[in-house]
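Hello,

Here is the structure you asked to take over. My notes follow below it.

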Amino acid sequence: MATVKDQLIMNLLKEEQTPQNKITVVGIGAVGMACALSILVKELADELALFDVMEEDKLKGEVMRLQHCSLFLKTPKIVSGKDYNVTANSKLVIITAEACQQEGESPPNLVQHNVNIFKLIIASVVKYSSNCTLLIVSNPVDILTYVAWKLSGFPQNRVIGSGCNLDSARFCSLVGERLGVHPLSCHGWVLGEHGDSSVPVWSGVNVAGILLKSLHPALGTDADKEQWKEVHRQAVDSASEVIKPKSYSSWAIGLSVADLAESITKNLRRVHPISTMIKGFYGIEDEVFLSVPCILGQNGISDVMKVTLMPEEEARLKKSADELWRIQKTAAALKCSNVTQAREEVGPEEGAVGDVIFVRAVSSGLERDDDDDDDDERTAIFAVASFRRPQLHRQTKPLTTPREPVG
């Protein structure tokens, strides 16, 4: 007996259901779900995949929340799974998974935990979507974008960090608030590290092409009686202000990520302040990822804008790069099995990469090698670099073993 479907529909063509514009979100916490919903509302994908290692029932519930909105959306297929095969044939993979910082855990250790998470994620994503573009949202975003680039083997144009796209949006919003002008008409950039050491480019802030510095030369300096530098401080601190009463922040980063995804999927070639390899720019000689204005399209980052910075702005950008490099080198040393390997990672001399020092400790976790003169005590490496943790903008939770991706 014919089914209702058979009586209603006569099939004329057997089609292969291969998505043309599939987007995957890895890590379905508050930020991951905000990214997913923003992408759906913007109608950017013909298939949206959600991946996480959370409990099956919870994952099913999250995807059902989106599927039940199908009448109001134009994405025909929304899927989820705990197996990486659900990510297959993605054009864009957005990674929001990260480890949260445990009580008493040092920043370099936190970075190393996230590196361990990324080893599995990146290898699996590359296996199923070897031609995708990676968009990293996990914090610390600049360091983890570097990690993703190293692990994936992708060209640097296809490994992108969300970076200062949201920082710049917050900055322009606050400038507009002071002036009584819509943020779309306020133009300004926040560059460098996503976090405390980010660099506001006051020399370029303008409305309708009118540079604010031409009207007020002291803009953004300590001598500024109007205290415009408070705008940048508020932009940096705004995530924390949201987190205090809510415990997490997600909507702004979700919309910011969808903004980047739109430029990629629609090949808009818009300019965004996003994290990319900055070696060779502004006197920076190390392999670090920082935010600079980039043209973003279907192939990822196709061009980097040559922004002219004031000497003090360039110096701050260089300082930001140095801080990230110290953390990267320290995290690399922490995974070494003995002191000799660690010294090779951080440099031949004590303190060679800044504030990383060698000290004696009875219990260090590093094995003494045969060439180590310290017979009675093991040598430990402690990172005392002034690590400025990026402002958290996502919900976090304790991780089980193995550490679970969270949003």
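Start with Phe118. Leaving out residues up to four places away in sequence, Phe118 touches Ile95, Ala97, Ala123, Ile136, Ser138, Leu144, Val147, Ala148 and Leu151. Keep in mind that this is a predicted model.

**Cores**

Phe118 also stands out in the largest nonpolar core. That core has 81 residues, and Leu50, Ile95, Phe118 and Leu134 touch the most other members. Helix H4, residues 107-128, supplies the largest share of this core, with 8 residues. There is a second, separate core of 14 residues. Among its members are Leu174, Val175, Trp228 and Val231.

**The chain as a whole**

The protein chain has 407 residues, and 52% of them count as buried. Its secondary structure comes to 11 helices and 16 strands. Take the contacts in the chain with a separation of 6 or more: 70% of them are between residues 24 or more positions apart. The accessible surface is about 19700 Å². Carbon and sulfur atoms account for 51% of that surface.

**Helix H9**

H9 runs over residues 251-265. Does its length fit, or not fit, the 1.5 Å a residue expected of a helix? The span is counted as 1.5 Å times one less than the number of residues. H9 has 15 residues, so it should span 21 Å. Its end C-alpha atoms are 21 Å apart, which agrees.

How many of the 15 residues of H9 are buried? The count is 11, so to speak of H9 as mostly covered is fair, with under 20% relative accessible area as the cut-off for buried. The buried residues in H9 are Ile253, Gly254, Ser256, Val257, Ala258, Leu260, Ala261, Glu262, Ser263, Ile264 and Thr265. Glu262 is on that list, if you are setting up side chains. Just after H9, Asn267 takes a positive phi of about 50 degrees.

**A three-stranded sheet**

One open sheet is built from 3 strands in the order E7-E10-E11, with antiparallel pairing. Strand E7 (186-187) and strand E11 (210-211) are the edge strands, each pairing on one side only. E7 pairs with strand E10, residues 206-207, over 2 bridges in the antiparallel sense. Within that pairing, His187 has Asn206 of E10 as its bridge partner.

Over to you.

Best wishes

Notes:
Residues numbered from 1 in each chain as written. Predicted model: local features only at pLDDT ≥ 70, side-chain atom pairs only at ≥ 80, totals over all residues. Heavy atoms only, no water. Helix = DSSP H or I, 4+ residues; strand = E, 2+ residues; numbered from the N terminus. Buried < 20%, exposed > 50% of the residue type's maximum accessible area, 1.4 Å probe, protein only. Contact = heavy atoms within 4.5 Å. Areas by Shrake-Rupley, 256 points an atom, 1.4 Å probe, with all protein chains shown as cover. Core = buried A, V, L, I, M, F, W, Y, C linked by side-chain atoms within 4.5 Å. Pairing = 2+ DSSP bridges.
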